[in-house]
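Let's take a walk through this structure together, one region at a time. Please have the sequence and the 3D view at hand.

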Amino acid sequence: MLSTLQAELAAASPAHFWMVIAVVTGLVLLGAVLGFGRLRHARMMQDLPTSRVASASQGYVELKGHAGLLPGPPIVSPLTAARCVWWDYRVEKKTRTIRNGRSRSEWRTIARATSDELFLLTDPSGDCVVDPHAATVHPSLRRRWRGHGRTPSQIPEHSPWLSFGDYRYSERLIRIGDPIYGTGLFRTQNGIQSFSENDDVRDLLADWKRDQRDLLHRFDADGDGQIDLDEWEAARRAALAAVRQRHVEQAVAPDLHVLCRPSDRRPFVLSTLSEAALTSRTRRWAAFWLLLTIAACALLGTALEARGLL
């Protein structure tokens, strides 16, 4: 088989030969970059110590905890209305075209979206807000199925072995309460803040003046439809009291911890797999790409030897 390949490469036209060389060289470079990159990532995960939210240092960290929701509206997947903390979905439609007298079918994406809503990573020491934008996510649930409309009429628990229809749905979820492993940039916004009392009072009074009806209702003591100097002084004192109360509440607010995408090229990963399972998977992918690199190098050597260039 090898001699046959060498014979074909030796007889190939220069344009065809150099096209093969370019493709194989590209495979060598791609395999090397992805293979060594995944090895480096696996080593980084293995060497990076796990931090606690309450005591993590500012910068690149590894956290482990459970996924939860922030106060406010729930997070639901637009495709299936499933409650979760993170979602990603895609809807494809089968299209049929005729080319050169032959019918051909292909799947065309008609809708796709990924969640960027904030959620919580909670460990025994505290809570950390996760901004999932641009993260590499390994979810707890993956499912793909087919149906007969843009919106699925039936939602399986998991991917069925067999389904029919001209629409194909894909969904990935991190569910509430899932164990979660994350690496990324950790930063803390301190609860202690600096305030400008005069500026805040002025801004609050300006807001009140925009609603003259409410301002008159609150501070027009004599009912003449105007705010005189004494009444304006009463409004100013009320604004001062409101601003001071707000400052007290903000000053005692707890620190806000956030995990987000690093500004450099280090991985931002959110995974429901354990660190050991994720490291093992990353090493397997590294092995695959490095084996592909070795095979492509062998093919490149065979091609160059066939033309007497090696």
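Before we start, one definition will help: a residue is called buried when its relative accessible area is under 20%, exposed when that value is over 50%, and partly exposed in between. Keep in mind as well that this is a predicted model.

Let's begin with charge pairing. Side chains of opposite charge can pair when their charged atoms come close. The structure holds 11 salt bridges, and a good one to look at first joins Asp 207 and Arg 210, whose side chains meet with an N to O distance of 2.3 Å. A salt bridge here requires a side-chain nitrogen of Lys or Arg within 4 Å of a carboxyl oxygen of Asp or Glu, so the 2.3 Å between Asp 207 and Arg 210 meets that cut-off. Both residues belong to helix H3, which covers residues 197-210. Asp 207 and Arg 210 are three residues apart there, about one turn of the helix. How accessible is Arg 210, buried or exposed? Its relative accessible area is 65%, and because exposed means over 50%, Arg 210 counts as exposed. Its partner Asp 207 has 42% relative accessibility and counts as partly exposed.

Now move along to helix H5, which spans residues 229-251. Which residues are linked here in a network of salt bridges? They are Glu 233, Arg 236 and Arg 237. The side chains of Glu 233 and Arg 236 meet at 3.1 Å, N to O, and these two residues are separated by about one helical turn because they sit three residues apart in helix H5. Glu 233 also meets the side chain of Arg 237, with an N to O distance of 3.9 Å. That second pair is four residues apart in helix H5, again about one turn of the helix. Each member of the network can be placed on the accessibility scale: Glu 233 is partly exposed at 31%, Arg 236 is partly exposed at 33%, and Arg 237 is partly exposed at 47%.

Stay in this part of the chain for a patch of like charge. Asp 222, Asp 224, Asp 228 and Asp 230 form a negative surface patch. One of these residues, Asp 222, is found in the loop between helix H4 (212-219) and helix H5 (229-251). Asp 222 has a relative accessible area of 47%. Patch residues need over 30% and no salt bridge, so the 47% of Asp 222 satisfies the accessibility part of that rule.

There is a nonpolar counterpart to visit too. Met 19, Val 23, Leu 27 and Leu 30 make a nonpolar surface patch of about 340 Å². Met 19 has its place in helix H2, residues 14-47.

For a residue shielded from the surface, turn to Leu 63 in strand S2, which runs over residues 59-68. Its relative accessible area is 0%, so Leu 63 is buried. As a sense of scale, Leu 63 and Ser 196 are 133 residues apart in sequence and 36 Å apart in space, C-alpha to C-alpha.

What about the cysteines? A search of the whole structure finds zero disulfides. Why does Cys 128 form no such bond? The closest cysteine sulfur to that of Cys 128 belongs to Cys 260 and is 8.8 Å away, which is too far because a disulfide needs the two sulfur atoms within 2.5 Å. Cys 128 is buried, with a relative accessible area of 0%, whereas Cys 297 is partly exposed at 39%.

We finish with the backbone. Ala 81 has a positive phi of about 65° although it is not a glycine. Look for Ala 81 in the loop between strand S3 (75-76) and strand S4 (83-84), where its 55% relative accessibility makes it exposed. Ala 134 is another residue other than glycine with a positive phi, near 70°. The place of Ala 134 is in the loop between strand S8 (126-130) and strand S9 (136-138), and Ala 134 is partly exposed, with a relative accessible area of 42%.

Conventions:
Residues are numbered from 1 along each chain as its sequence is written. This is a predicted model: local features need pLDDT of at least 70, side-chain atom pairs count only at pLDDT 80 or more; totals for chains, interfaces and linings use all residues. Side-chain values use heavy atoms; hydrogens and water are left out. Patches are made of residues with over 30% relative accessible area and no salt bridge: like charges are joined within 9 Å, nonpolar side chains (Val, Leu, Ile, Met, Phe, Trp, Tyr) within 5 Å. Accessible areas come from the Shrake-Rupley method with a 1.4 Å probe; for residues, only the protein chains shown count as cover. Lys and Arg count as positive and Asp and Glu as negative; His and the chain ends are not counted. The place of a charge is taken as NZ of Lys, CZ of Arg, CG of Asp or CD of Glu. Buried means under 20% relative accessible area, exposed over 50%, partly exposed in between (1.4 Å probe, protein chains only).
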